[in-house]
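Q: I am in my first year of studying proteins, and I would like a close look at a single part of this model, the nonpolar interior and what lies around it. Please take me through it step by step.

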Amino acid sequence: MFNRRHATGLLTAGLLGGALQISTAHADQAFQRFFPFLVDLDGWQGKKPDGISMEMPGNTMITATREYQRGSARFHAQVLVGAAAKGALAVAQSGMKIETTEGRMSTSPIDGFQVTRTLNFKDKSGAILIALGGNSVFSVSFNGIADDEALGIAKKFDWKAIQAAAK
């Protein structure tokens, strides 16, 4: 199954080889505007939010992330704005549905957003991608929890406020 966190890492690593300006620790960085939306979750230990802003002529990418842990379960929330989000939006807009013996992927509207859900049955891992429109997405990946619980947790984040901040 597709692992969004690893794919984003590979994309980021590939882009770093180009002529990019990378910002990760300054107080006024573009990714920090998303930190208030990466909320604390009851029953989960959340790490400090982190992010990356990358710019090159004609292209910008902003990523804000936060990781959570509850026992052996993991939950990872991410706001993505820019070129990488556009690729993810294409899947969400396709309405594609796939089911195999190992997992499934489907897209459907939830609360006015196109939401793509993937699940690997064997290890209870997957991802949920919320299309915020334009060139932005909110996604979560999870491991060790049921997909319905992961969707319930994803709904604790204010999708409309994230969408407004991404514009």
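A: A good place to begin is phenylalanine 157, which, when its neighbours within four places in sequence are left aside, is in contact with Phe37, Leu38, Val39, Leu41, Tyr68, Phe75, Ala77, Phe138 and Ile162. Please keep in mind throughout that this is a predicted model.

Phe157 belongs to the largest nonpolar core, a set of 35 residues, and it is listed with Phe34, Phe75, Phe138 and Trp159 as having the most contacts inside that core. The elements that give two or more residues to this core are β4 (59-70), β5, β8, β9, β10 (136-143), α3 (147-154) and α4 (159-166). Apart from it lies another core, of 11 residues, among them Ala88, Leu89, Ala92 and Leu129. As background, nonpolar side chains in soluble globular proteins tend to be buried together.

It helps to set these cores within the whole chain. The protein has 4 helices and 10 strands, and along the sequence they follow the pattern α-β-β-β-β-β-α-β-β-β-β-β-α-α. Of its 167 residues, 45% count as buried, and among contacts between residues at least 6 apart in sequence, 52% join residues that are at least 24 apart. The protein exposes about 8,800 Å², of which carbon and sulfur atoms supply 52%.

Turning to one helix that contributes to the largest core, we find that Asp147, Ala150, Leu151, Ile153 and Ala154 are buried in α3. These residues cover an arc of only 160° around the axis, and they therefore lie on the same side of α3. What covers the buried residues of α3 includes β5, β7, β8, β9, β10 and α4.

Strand β5 (residues 73-82) can be followed through one of its residues, valine 81. Val81 has a relative accessible area of 7%, and because buried means under 20%, it is classed as buried. Not counting residues up to four places away in sequence, Val81 touches Phe34, Thr60, Met61, Ile62, Asn135, Ser136 and Ala166. The C-alpha atoms of Val81 and Thr63 are separated by 6.5 Å, although these two residues are 18 apart along the chain.

Strand β4 also holds arginine 66, and this residue, at 9% relative accessibility, counts as buried. The side chain of Arg66 reaches the backbone oxygen of Val39 at 3.4 Å. When its neighbours within four places in sequence are left aside, Arg66 is in contact with Leu38, Val39, Asp40, Gly46, Lys47, Pro49, Phe75, His76 and Ala77. Another buried residue with a polar side chain contact is serine 53, which is placed in strand β3 (residues 50-56) and has a relative accessibility of 5%. A polar atom of the Ser53 side chain lies 3.5 Å from the backbone nitrogen of Phe31.

The other core brings us to helix α2, where Ala84, Ala85, Ala88, Leu89 and Ala92 are buried. They cover an arc of only 130° around the axis, and so they sit on the same side of α2. The face of α2 turned away from this buried side carries the exposed residues Lys86 and Gln93. Helix α2 (residues 83-94) has 12 residues, which at 1.5 Å a residue should span 16 Å, and its end C-alpha atoms are 18 Å apart, which agrees. After α2 comes glycine 95, whose phi is positive, near 70°.

That last angle leads to a comparison with two loop residues. Most residues other than glycine have a negative phi. Aspartate 111, however, has a positive phi near 50°; it is placed in the loop between β7 (103-110) and β8 (113-120), and at 52% relative accessibility it counts as exposed. Lysine 124 likewise has a positive phi, of about 50°, although it is not a glycine. Lys124 is placed in the loop between β8 and β9 (125-133), and with a relative accessible area of 46% it is partly exposed.

Terms used
Residues are numbered from 1 along each chain as its sequence is written. This is a predicted model: local features need pLDDT of at least 70, side-chain atom pairs count only at pLDDT 80 or more; totals for chains, interfaces and linings use all residues. Side-chain values use heavy atoms; hydrogens and water are left out. Buried means under 20% relative accessible area, exposed over 50%, partly exposed in between (1.4 Å probe, protein chains only). Contact means heavy atoms within 4.5 Å. Accessible areas come from the Shrake-Rupley method with a 1.4 Å probe; for residues, only the protein chains shown count as cover. The expected span of a helix is 1.5 Å times one less than its number of residues. The arc is that of the directions from the helix axis to the C-beta atoms. A polar contact is a pair of N or O atoms within 3.5 Å; within protein, one must be able to donate a hydrogen and the other to accept it, and residues adjacent in sequence count only if both atoms are side-chain atoms. A nonpolar core is a set of buried Ala, Val, Leu, Ile, Met, Phe, Trp, Tyr and Cys residues joined through side-chain atoms within 4.5 Å.
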